[in-house]
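The following exercises are to be worked with the sequence and the coordinates at hand. Each task is followed by a solution in steps.

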2 protein chains.
Amino acid sequence: MYEERIKRSGLQSRITSAADAATHLRDGMIVASSGFTKAGDSKAVLKAFAAIAQDSPRKITLITGASLGHGTDGMLASAHALHKRSPFQVDPILRNSINNGEVLFNDQHLGESAELIHENILQPDIAIIEALMIEEDGSIVPTTSVGNTVAFATAAKKIIVEINISVPLTLHGVHDIFSAGIWPNRQIIPITNAGTRIGRTSIPIDPEKIIAIVITETTDSPAAINERDDKTRAIAGHLLQFFEHEVKKGRLTHQLRPLQSGIGKVANAVLEGFTEGSFHHLTMYSEVLQDSTFNLIDAGKMDFASASSITVSQDCYQRLMRNLEKYKPNIVLRPQDISNAAEVIRRLGVISINTAIEFDIYGNVNSTHIAGTRMMNGIGGSNDFARNAYLSIFVTQASSKAGAISHVVPMASHIDNSEHDVDIVVTDFGLADLRGLAPRERANVIISNCADPAYKEELKDYFLAACKKGGHTPHLLQEALSWHQRMEQQGSMKKENILQDI
Amino acid sequence: MYEERIKRSGLQSRITSAADAATHLRDGMIVASSGFTKAGDSKAVLKAFAAIAQDSPRKITLITGASLGHGTDGMLASAHALHKRSPFQVDPILRNSINNGEVLFNDQHLGESAELIHENILQPDIAIIEALMIEEDGSIVPTTSVGNTVAFATAAKKIIVEINISVPLTLHGVHDIFSAGIWPNRQIIPITNAGTRIGRTSIPIDPEKIIAIVITETTDSPAAINERDDKTRAIAGHLLQFFEHEVKKGRLTHQLRPLQSGIGKVANAVLEGFTEGSFHHLTMYSEVLQDSTFNLIDAGKMDFASASSITVSQDCYQRLMRNLEKYKPNIVLRPQDISNAAEVIRRLGVISINTAIEFDIYGNVNSTHIAGTRMMNGIGGSNDFARNAYLSIFVTQASSKAGAISHVVPMASHIDNSEHDVDIVVTDFGLADLRGLAPRERANVIISNCADPAYKEELKDYFLAACKKGGHTPHLLQEALSWHQRMEQQGSMKKENILQDI
């Protein structure tokens with residue numbers, strides 16, 4: 001059985017159940033698992049481990065590519081089975097355990113997250129890897145994501161493979177597996193355009209390390225489809241208008257430069273916006289291929305898309321899997337230290353579009369923390385791209401919760417992407433081009449173009465009062481975080497609420 | 001005259017006085033000038049312009065490589081001759097003008113500062129370039145820094161050359177001039193070790209753009225010599241001990257990896273510490289060569305050093321210039337977009353050591369702003385290195401001004417290098433290795449190892465109270481910046497001062 005999927009002789013005898021395989025995960029172990037933006041994650045063994053831990057307490061440190069699907073992180077957190085988690089997560093139950101201090105979370109740049117392993121700070125005991133198949137030489141062909149699997153397969157002492165028979169074998173060939181090696185002998189990453197292929201199609205491993213093979217047939221968790229609304233449409237409109245302006249100025253052509261877009265309805269709406277605009281021969285050098293990517297390919301607008309994973313809706317997944325031979329010449333999946341490599345992002349001049357939780361009047365971006373303290377998901381790849389992109393763009397709605405929260409604030413309550421790494425900020429009210437501007441200039445254009453009118457006057461007042469006090473980046477320290485304090489105390493950033501209480 | 005220095009025929013007739021040359025600088029112009037860490041800067045024309053502006057008001061935007069020497073920035077600020085300045089400065093008079101809002105300052109990553117020019121956001125009207133000589137083909141050989149001169153020479157409509165005859169011609173050959181090109185056709189930067197030479201020894205320009213040549217003979221401003229004191233010695237000691245520990249763990253060899261060190265007495269003391277330790281065959285991939293570099297070369301400890309400038313004491317300058325043929329095989333000067341290139345820093349696995357103004361209990365670093373508002377110098381190259389280094393280290397004294405200021409604070413009042421980019425923090429009290437740690441773990445080790453004992457209890461109290469409130473990164477927003485407010489109001493961060501006042 002499974003001769004097509006397990007070509008290495010002798011390995012078929014290692015097929016076992018998820019429950020059996022999960023017994024290899026012992027208390028205190030460091031476990032590495034495939035999975036990036038809910039794609040190509042462990043479908044069976046981690047869940048089986050959560051079930052075991054529920055009855056018989058044990059904890060592991062879990063490292064992945066990025067987020068897992070199917071509520072696996074939540075099950076592990078509910079079973080109190082996680083000591084530490086890195087480098088990213090999106091699960092509401094796990095998030096709660098992180099914020100109440102039960103689970104330690106190491107929030108890392110995704111493009112760097114393999115380095116603690118390469119540098120022997122962390123040594124995974126076991127790696128769990130979802131695979132399309134195992135080749136004759138024992139090498140592993142991943143499924144819908146590559147993530148950190150190359151590093152995990154190299155460093156782990158033992159490997160459990162989950163062969164997912166729901167993923168068609170025609171996916172074979174979409175991966176480009178390359179390692180730049182480890183210090184002090186790192187090599188050049190010779191990618192000079194989004195489509196350059198530099199590696200092989202499977203991940204080399206020592207097959208003797210495979211201690212168990214589990215057969216699964218569960219597909220990836222589908223991406224939620226967020227219909228464009230008026231706000232996301234407005235943000236996309238401002239950005240498209242900006243790109244047209246840059247073309248007129250001669251700084252860009254209608255081909256733009258390779259695009260990166262974070263996950264999120266705003267970023268997705270912007271990409272969808274390109275299906276209608278005058279842009280063409282677009283390329284993508286990103287970390288995730290989303291519905292919009294395939295829509296742009298189908299619309300004849302996008303020539304090539306490179307990423308580390310495919311995270312799409314159920315409909316798009318079916319369309320893709322049924323038409324793989326058609327899409328394969330246009331896409332590639334890379335390890336996340338290549339998809340997010342500073343070297344390549346800078347060389348290609350990527351246009352990077354990510355979602356902010358909030359930004360301040362000087363252009364500092366909070367990508368992770370509610371009110372400076374409570375983790376949402378993690379920095380992800382946002383700063384891998386923002387730090388090295390040609391254009392680093394952050395988008396958010398100007399206000400939310402019926403206006404109770406302003407996403408343009410006097411001082412960001414946490415800073416993941418500093419003013420130095422932020423070129424353009426956009427809300428539904430407008431766009432601020434910060435390139436070449438000093439802080440006082442930035443404040444003027446951000447307040448005037450991006451803030452919700454309901455908060456504009458107070459932002460202006462704050463800025464003017466701070467300017468009177470002086471400084472290169474004027475602030476009133478006693479008021480700088482007061483909007484967040486009001487939010488915590490009264491459920492709204494609005495000053496009026498204080499007056500009402502008096 | 002000056003046949004040895006001006007080899008291009010026809011250019012000698014363009015020799016003129018600094019005062020004459022300075023008349024080309026008109027009100028509202030964008031002027032680019034050589035100069036990086038006070039090395040290879042304009043010695044005559046900018047000063048002559050300041051003198052003109054003193055009598056007859058006019059303002060320019062001034063872009064350089066980094067800081068200028070000889071009080072030039074101060075003269076320009078005093079003459080109210082600056083509209084905007086970028087990307088870095090260290091002058092107390094200019095700093096004051098920046099902080100009172102008179103001069104706009106665009107504080108930029110040094111490795112990226114040429115990009116606004118390449119991308120046609122800023123177009124210099126005139127470039128002023130200090131040169132060792134002009135070659136037959138009109139190309140310019142720089143002096144003690146390369147900085148942004150390649151970009152300036154390419155983009156400026158007109159060029160004024162200052163031939164500095166005080167710099168010996170034997171410096172010729174020390175430069176390695178390379179451009180990766182501009183988007184969308186950027187090339188690989190093929191440096192695979194600190195010593196790789198990839199370019200030519202002079203900067204190609206169109207000689208028709210040279211509108212004036214000024215002869216100068218003023219040497220660079222010497223670097224201040226900061227004797228090691230007990231605190232810097234203690235910091236250096238902690239770091240050397242850490243490196244020995246990493247060697248024992250097998251993560252490093254005694255050769256370490258290419259070193260980068262910012263300017264500052266602490267960073268310099270650390271490098272000097274290597275002359276005594278068991279480390280050898282060291283290399284440097286940095287932005288500035290300092291006294292310690294040449295001391296390490298002389299001590300047989302350092303094999304090669306790459307940077308964008310040479311900024312040394314008067315004694316070291318004499319020693320270097322008299323023995324250039326000896327040192328030349330061991331050093332190279334590169335454009336700052338190459339010395340500070342993300343691509344190369346990451347590939348080589350640089351060990352980066354920079355000075356912090358303060359860091360917080362979670363490892364966020366403020367490199368630029370006093371009390372979150374008043375600019376000191378600028379981010380410089382610190383984040384070019386910290387973001388992409390193998391090890392990103394920040395050093396500072398635990399407290400200063402007789403203990404009135406703690407440099408370990410609850411929340412950094414400005415963030416230039418986020419927790420994600422900081423691996424190691426060190427004070428005279430100790431070192432905290434933050435790799436792989438979650439925020440609550442980081443707080444424990446930073447408070448315990450790095451804080452001044454006089455502030456330790458209050459930091460612990462803050463952290464514990466914040467943990468009770470919860471969150472991945474626990475903070476009390478109403479108290480987070482209170483130490484800086486106390487400093488502003490009472491001249492000390494100490495809580496006791498409040499009690500004394502009551």
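Domain bounds, as used in the first exercise, come from an automatic or database domain assignment. The model is a predicted one.

**Exercise 1. Describe how the two domains of chain A are placed relative to each other.**

Solution.
Step 1. Fix the bounds: domain 1 of chain A covers 11–216, and domain 2 of chain A covers 230–490.
Step 2. Take the C-alpha centre of each domain; the two centres lie 28 Å apart.
Step 3. List the contacts: 46 residues of domain 1 of chain A touch 43 residues of domain 2 of chain A.
Step 4. Evaluate the area buried between these domains, which is about 3,500 Å², with carbon and sulfur atoms giving 59% of it. On the side of domain 1 of chain A, the residues that lose the most area to domain 2 of chain A are Val174(A), Ile189(A) and Ala194(A), together 17% of what that side buries.

**Exercise 2. Determine how the residues annotated as "binding site" are distributed, and characterise Val266(A) and Asn377(A).**

Solution.
Step 1. Collect the positions. The unreviewed UniProt entry assigns this annotation to Gly262(A), Ile263(A), Gly264(A), Lys265(A), Val266(A), Ile357(A), Asn377(A), Gly381(A) and Lys401(A).
Step 2. Check their spread. The annotated positions span 140 residues in sequence and their farthest two C-alpha atoms are 26.9 Å apart, so they do not all gather at one spot.
Step 3. Examine Val266(A), which belongs to helix H8 (residues 265–273) of chain A. Its relative accessibility is 10%; the cut-off for buried is under 20%, and Val266(A) therefore counts as buried. Beyond residues up to four places away in sequence, Val266(A) touches Thr232(A), Ile235(A) and Val395(A).
Step 4. Examine Asn377(A), located in the loop between strand S19 (374–375) and helix H14 (382–386) of chain A. At 21% relative accessibility, Asn377(A) counts as partly exposed. Apart from neighbours within four places in sequence, its contacts are Phe88(A), Gln89(A), Val90(A), Arg95(A), Phe105(A) and Thr368(A).

**Exercise 3. Which strands stand at the edges of the open sheet S17-S16-S23 of chain A?**

Solution.
Step 1. Read the order: the sheet has 3 strands, S17-S16-S23, with mixed pairing.
Step 2. Identify the edges. Strand S17 (365–366) and strand S23 (408–409) of chain A each have a single partner strand, so one side of each is left without a neighbour in the sheet.
Step 3. Inspect one pairing. Strand S16 (residues 358–360) of chain A and S17(A) are antiparallel and share 2 bridges, with Phe359(A) opposite Val365(A).

**Exercise 4. Compare the span of helix H15 of chain A with its expected value, and name its buried residues.**

Solution.
Step 1. Helix H15 (residues 439–450) of chain A has 12 residues, and 16 Å is expected at 1.5 Å a residue.
Step 2. From first to last C-alpha the helix reaches 15 Å, close to that expectation.
Step 3. The buried residues of H15(A) are Pro439(A), Arg440(A), Arg442(A), Ala443(A), Val445(A), Ile446(A), Ile447(A) and Cys450(A).

**Exercise 5. Analyse two strand pairings in chain B.**

Solution.
Step 1. In strand S1 (residues 30–33) of chain B, Ile30(B) and Ala32(B) point one way and Val31(B) and Ser33(B) the other way; all are buried.
Step 2. S1(B) runs parallel to strand S2 (residues 60–63) of chain B, joined by 3 bridges. Ala32(B) has Ile63(B) as its bridge partner.
Step 3. Strand S7 (residues 158–164) of chain B is parallel to S8(B), with 6 bridges, and Ile160(B) is bridged to Ala212(B).
Step 4. Strand S8 (residues 210–216) of chain B is mostly covered, with 5 of its 7 residues buried.

Definitions and conventions. Residues are numbered from 1 along each chain as its sequence is written. Chains are lettered from A and ligands numbered from 1 in the order in which they are written. This is a predicted model: local features need pLDDT of at least 70, side-chain atom pairs count only at pLDDT 80 or more; totals for chains, interfaces and linings use all residues. Side-chain values use heavy atoms; hydrogens and water are left out. Buried means under 20% relative accessible area, exposed over 50%, partly exposed in between (1.4 Å probe, protein chains only). Helices (H or I, at least four residues) and strands (E, at least two) are DSSP runs, numbered from the N terminus. Two strands pair if DSSP finds at least two bridges between them. UniProt positions are given in the numbering used here, feature names are shortened, and annotations may be inferred rather than shown by experiment. Contact means heavy atoms within 4.5 Å. The expected span of a helix is 1.5 Å times one less than its number of residues. Buried area is the accessible area (1.4 Å probe) that two parts lose on being put together, summed over both.
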